[in-house]
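Okay, thanks everyone, I'll keep this short. Let me put the structure up and then walk you through a few spots in it.

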Amino acid sequence: MADFTSDGFCLNDNKAGLSQMEGHSKEDIAKILTKNSEGSKFYQNKKQRHQATEQRIAQKKKILEEASPADYNDALRKTDKMLSNLEASRDLSHTIVHVDMDMFYAAVEMRDAPHLKDKPVAVGGNSMLSTSNYVARKFGVRAAQPGFLAKKLCPNLIIVPCNFPKYRAVAAIVRGVFAEYDPNYASASLDEAYLDITEHLKVRADRTEEERTLWRCDCEYWRSLDADWKPSATQETEPTSSENNQETCPECGRVAESIVTGTDAEGAVLELRTKVFRRTALTCSAGIAPNSKLAKICTDRNKPNGQYQLPPNKEAVLEFVKDLPVRKIPGIGATTEETLRALGVQTCSDIHKHRASLALVFSDLSTEYFMRVSLGIGCTTISNDEERKSISNERYALLPSPITV
DNA sequence: CAACGAAGGACCC
DNA sequence: GACCAGGGTCCTTCGGTT
């Protein structure tokens, strides 16, 4: 990270540009954040942790310097063995979907208080924000940012307190939709889940066009559907005919858009997302891929309110992964990213290039994890154990099988 | 010496 | 004027116990 230039007091909150609500440039955002966090306890702490990782990096570099050519050879053989075993286990037969609600908490609050729609909104408290809407993001307001700092970035920011009971209720409705496509879907959090729709696609292949037709209008009408919605009393696999024949929207009078969803994965997911929207008036994004790790990365591609499919063939997977920055991989955070960069690894193909060094410096478990990443291999089964209520550690929770060292 | 559990990191939302 | 979470899981390390 570049060191902060302290140009002191030049920035004032009532600077002309800020009142225009146009958002900030990256420089402005960096300036404001620096000015307000320099010297704080939090900043000191962060610096200390950073130094600790730098030390660990130095240790690793020392190991590499002292390793003999024979050591490198052994490491190379070890990783190549891992790679061939992993390649042999590659499974492209499942269709895995990752679904993520768009700015979930903020979206719920905006839905229920429409006057918030064009304003910068964040959900959370003065000490920490959970999420922000897209207007606020233009000002640099982000999740995991303290509210008071966000206020400096965006003085007009409206901070709505968290209302978890409400979010849980909405999540229950969304999960009802998920269950129609995979009864064993696994929640990763309130607003995120993994589905294996392989079985659904088999059933779907036999459905008529009529059964795959949805009517949709983007106006507020669908909000009112929410109140009528009774999850327990309805069987969604057989949509009620009254709903299906609804061709004009009672609210805005416009002809509702008719969508015939395909029998393929894209069609199924489009249908799923439409159902989520109809029952909650909220949008979500989805990724479709042969394993959960790739699916999650795909979700980001067309966010918000979009979806992206990575085709289930080896060439497409390797191409997809080739120039992917390692930070995009679930399980690789800021620390690991920095460590890898120090070892010359920035993208997934760099992992392969430097595989011997990685094996010398990381544990077997981590090394195997990196090898898996470089091949685009991930977990192809979605388990919803009683024991594991959620997937909170992606690095290890999404392993294809228990590791035997 | 091995198994073990607590503590400390890293990561996710 | 000062305020930078809390809850979850898994790995690694370390130190005292059996």
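Let's start with what sort of residues line the second largest pocket: the lining splits into 12 nonpolar, 8 polar and 11 charged. Keep in mind that this is a predicted model.

So how big is that pocket? The volume of the second largest pocket comes out at about 790 Å³. It has 31 lining residues, and the ones closest to its centre are Asp100, Glu192, Lys296, Asp300 and Lys303.

Where does the lining come from? Several elements each put in at least two residues, and they include strand 1 (96–101), helix 4 (104–112) and helix 12 (292–299). Strand 3 (129–132) and helix 5 (134–137) also each supply at least two. Now step back to the domains: the pocket lies between domain 1 (67–92 + 317–397) and domain 2 (96–103 + 165–310), because both of them give residues to its lining.

Stay with Lys303 for a second, since we just met it by the pocket centre. The peptide bond joining Lys303 to Pro304 is cis, with omega at about -5 degrees. If you're hunting for Pro304 on the screen, look in the loop between helix 12 and strand 10 (307–309).

There's another backbone detail, over at Ala144. This residue isn't a glycine, yet its phi is positive, near 65 degrees. You'll find Ala144 in the loop that runs between helix 5 and helix 6 (147–153).

Last stop is a helix pair. Which way do helix 3 and helix 17 cross, left-handed or right-handed? The crossing is right-handed. Helix 3 covers residues 69–88 and helix 17 covers residues 364–375; they pack at about 55 degrees, and their axes are 10 Å apart. With that angle, helix 3 and helix 17 are therefore oblique to each other.

That's my tour, happy to spin the model around.

Methods:
Residues numbered from 1 in each chain as written. Chains lettered and ligands numbered in written order. Predicted model: local features only at pLDDT ≥ 70, side-chain atom pairs only at ≥ 80, totals over all residues. Heavy atoms only, no water. 1 Å grid on protein atoms, 1.4 Å probe; cavity = no way out; pocket = protein on both sides within 12 Å on 5 of 7 lines; lining within 4 Å. Points joined across faces, edges and corners; volume = space filled by probe spheres on them. Helix = DSSP H or I, 4+ residues; strand = E, 2+ residues; numbered from the N terminus. Nonpolar A, V, L, I, M, F, W, Y, C, P; charged D, E, K, R; others polar. Domains from an automatic or database assignment. Axes fitted to C-alpha atoms, helices over the stretch in contact; angles between N-to-C directions. Parallel < 35°, antiparallel > 145°, perpendicular 65-115°, else oblique. Left-handed = near helix turned anticlockwise from the far one by under 90°.
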